[in-house]
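User: I would like to go through this model term by term. Please set each value against its definition.

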Amino acid sequence: MQRRLKILTWHTHGSYLYYLTQAPHDFYVMSKPDRPPGYGGRCGHIPWGDNVIDMPVAEVKDQEFDLILFQDDDQYLKDQHQYLSEAQRRLPKIYIEHDTPREHPTDMPHPVDDPSVLLVHVTHFNRLMWNNGRTPTRVVEHGVLVPPGVAYRGDIARGLVVINNIATRGRRLGYDVFLQAKEKIPLDLVGMGALDAGGIGEIEHAQLPAFSAQYRFFFNPIRYTSLGLAVIEAMMIGMPIVGLATTEMSTVIDNGVSGYVDTNVEALIDHMQALNDDPQLARRLGEGARRYANERFHINRFVDDWNQAFHFVTN
């Protein structure tokens, strides 16, 4: 049995933090009084467990921790020097890299270049593309939970797109691909900023699986980013997936088995139309998606992988 750890971290991606905190440790989450992005602490509509503790930045130096878990550049480059004591900065450290390299897809050096820090990538594609320098790396692929009793229905012959702020994030998140497909296929968009892009709006994380279950298929137009949790959550409830065959997505969806991926948008539009026309095809592919997601992205495997990473740096 691994000892229970006291882990200091940040509220960078709420849904990821929720799944991470299924691990049997205590997570102290940095917060500021006005709860700005990255410093929300224990906040919002996510059903946090008792092991998630709000940690005001002014009190951090007075606490004892076993591990520091960074989740973005400013936390590693600035916050640890501003909010952590000298002794705390000597604690074991892990940096979770959630994203693909932005400035250059293959040559961008990772900001962490330290043999004493463990750099954890959330996909193998991310680790492949980053120049990781001297920093040791490993991959912990996503794991998700699905609310009990939620299952795919697919009774609405429309596709669902789940992306935050797609209009302002532009081509990288496939805004133009979404608009191109929307001209021919009925698509609904949800997420932060969705109203600005002609979408429905934001759906609370806990309600999203049940909301998604009514749609015929899930469409992921993203060109270049890490593997979205929303894709995996949709697979887990039995939705067929249609998306671009880029980044880690090309290893997740098996054409004709769990959905369709392609770099040809017109071909994807044809597949979406076929799913709208044939509910039985959609159900069969959705079942294939559910089986594969349970094999690869089960929450127990995710927790086991994280426990191994925590053990590696603290022993």
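The questions below deal with the fold, then with one strand.

Analyst: This is a predicted model, in which local features need pLDDT of at least 70, side-chain atom pairs count only at pLDDT 80 or more, and totals for chains, interfaces and linings use all residues. Residues are numbered from 1 along each chain as its sequence is written, and side-chain values use heavy atoms, without hydrogens and water.

User: What makes up the chain in helices and strands?

Analyst: The chain holds 11 helices and 12 strands. Both are DSSP runs, numbered from the N terminus: helices are H or I with at least four residues, strands E with at least two.

User: Why is the chain called as compact as a globular protein of its length?

Analyst: The globule rule is 2.2 Å times the number of residues to the power 0.38, and the radius of gyration is taken over C-alpha atoms. For 315 residues the rule gives 20 Å; the chain has 20 Å, so the name fits.

User: What makes strand S9 covered on both faces?

Analyst: Buried means under 20% relative accessible area (1.4 Å probe, protein chains only). In S9, residues 187-190, Leu187 and Leu189 on one side are buried, as are Asp188 and Val190 on the other. In a regular strand, side chains alternate between the two faces of the sheet.

User: How do you know that S8 pairs with S9?

Analyst: Pairing takes at least two DSSP bridges between two strands. Four bridges join S8, residues 156-162, to S9, and the two run parallel. Leu160 stands opposite Asp188 in S9.

User: How much of the chain is buried?

Analyst: Buried residues make up 54% of the 315.

Definitions and conventions. Buried means under 20% relative accessible area, exposed over 50%, partly exposed in between (1.4 Å probe, protein chains only).
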